[in-house]
Every structure is written in structure tokens, then in C-alpha cells.
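Here are a few exercises to work through with the model open beside you. Try each task before you read its solution.

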Amino acid sequence: MKDSFFMKDSSESDYGKEAMLDFQLSWLMRIAANKDYENEKPRLFAIAKDTLLRLIGIEDSTGVEIKSVEVWKQWDYIDLVANVIISINGKDEKHVVAFEDKAYTQLRDGQLDKCKNNVEDWYSHNEDWKDAEKHYCVVSALDKPKALAIMKECEQKGFEYFDFYDIIGYKKEEDADKFETESDLFNEFWSRQWS
């Protein structure tokens, strides 16, 4: 795997990686609802759509249209919150996806509980979204040994754990070139090694 010229420099710390992950995930989810990308950058669009559907637990994209995606970064101290409207065979569904991401630290005490409570409280008072299906996720760029405690807490708290590459469907044993898209921005972030 090639090094990322975008993500790898002479810095001695990982500071800023979580913010970059927030921007990348927000961008990728919004691409999944943008029909211009479907024609202009079909490989990028396909990965974006599959990623978003993976986050809401849909494995088969047959008959699924992503109608809209709105994303907020650092909403109520949650890294990302997305409102997603999809149509499955002509029937609309609303989904809320709340993320915490970890690139270099463990979860703070009570972080997942606070995330879930804030989402449940706010959306229970929002008439248009109170019945939306809610999905809670942690995306980690930590290596597996460092992420074990996070994985365990996710299981206990009802959060889906995603390894950095799992979220886009990348398997490390595959050739990284298979995940090249028409977007240099995507390629530098997702298909290159950060460190």
C-alpha cells in the first residue's frame, strides 16, 4: 500500500486525524445521495452508497435509492450525526446515524451513553424524525489490539464497531488498487497508508 501524501507528513503526533475522518465521512455519505456523482464518478458513487447502506444495516442495495443525506459535524459533542432518507422499492424510510470516531485515543468515560442519550432526547422532540431508525457507530483507525476495549464497550452499549477500512468494505488482504476511484481525495485518504 502506498503512503498517503495527504495524511502523512513530518508531524510527530496524530493530532487532527479525527477531524479529517469527520470531514471524509460527511463527504462520502453526502456523495451517496448526489446523482451527479453516479454519472461523473461511478466508482466513487458506488463505494459511497455501499458505505452508507452498511452503516444503516442494509447489505443488498437492490431497489434502494438514497434520496437525501444531511450531516452535522460536532453536533451536541457528537463527532457526526446524519439524517438519511432512503427509498426501498418506492417506500421511504428515515434513518439517523450517530458516529464517534477514534484515531488515537480510547473512549472517554460515559462517551457512548452521552451520545445515545443526546440523540434519543433531541430526536424524540423532533416531530419529523422521532420515528426514524437510529444507528450508533464507532469508527476506529486504531489497530486491533488498541481497539479491543472500544469493541467491547460498543457491544455492551449497542453501538456498531467499524474498523477504518471495514466502513468502506475494504479488506486488507485485497490489493489496495481495487479501491482506487476517480477521486484523488478519496484515494489519498482511504486507499493509502497514513503512517
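**Exercise 1. Work out how the chain is put together overall.**

Step 1: start with the contacts. Of the contacts in the protein chain with a separation of 6 or more, 58% are between residues 24 or more positions apart; a contact means heavy atoms within 4.5 Å.

Step 2: check what you're looking at. This is a predicted model, where local features need pLDDT of at least 70, side-chain atom pairs count only at pLDDT 80 or more, and totals for chains, interfaces and linings use all residues. Residues are numbered from 1 along each chain as its sequence is written, and side-chain values use heavy atoms, with hydrogens and water left out.

Step 3: list the elements. The protein chain has 6 helices and 5 strands, taken as DSSP runs (helices H or I, at least four residues; strands E, at least two) and numbered from the N terminus. In that direction the order is α-α-α-β-β-β-α-β-α-β-α.

Step 4: look at burial. Among the 195 residues of the protein chain, 46% count as buried. Buried means under 20% relative accessible area, exposed over 50%, and partly exposed in between (1.4 Å probe, protein chains only).

**Exercise 2. Find the surroundings of strand β4.**

Step 1: locate β4 at residues 133–140; 6 of its 8 residues are buried, so the rest of the structure largely encloses this strand.

Step 2: go to one partner. β4 pairs in the parallel sense with strand β3 (residues 91–102) over 8 bridges, where pairing takes at least two DSSP bridges between the strands. In this pair, A98 sits opposite Y136 of β4.

Step 3: go to another partner. Strand β5 (residues 160–163) runs parallel to β4, joined by 4 bridges, and S140 faces D163 in β5.

Step 4: trace the connections. Helix α4 (residues 111–124) forms a right-handed β-α-β unit with β3 and β4. Helix α5 (residues 144–157) does likewise with β4 and β5, again a right-handed β-α-β unit. Right-handed means that, with the strands pointing away from the viewer, the path from the first strand over the helix to the second runs clockwise.

**Exercise 3. Which residues does Q74 touch, not counting residues up to four places away in sequence?**

Step 1: find Q74 in strand β1 (residues 64–75). Q74 is partly exposed, at 46% relative accessible area.

Step 2: name the neighbours: Q74 touches D22 and D79.

Step 3: take D22. Q74 and D22 are 52 residues apart along the chain, with their C-alpha atoms separated by 8.7 Å.
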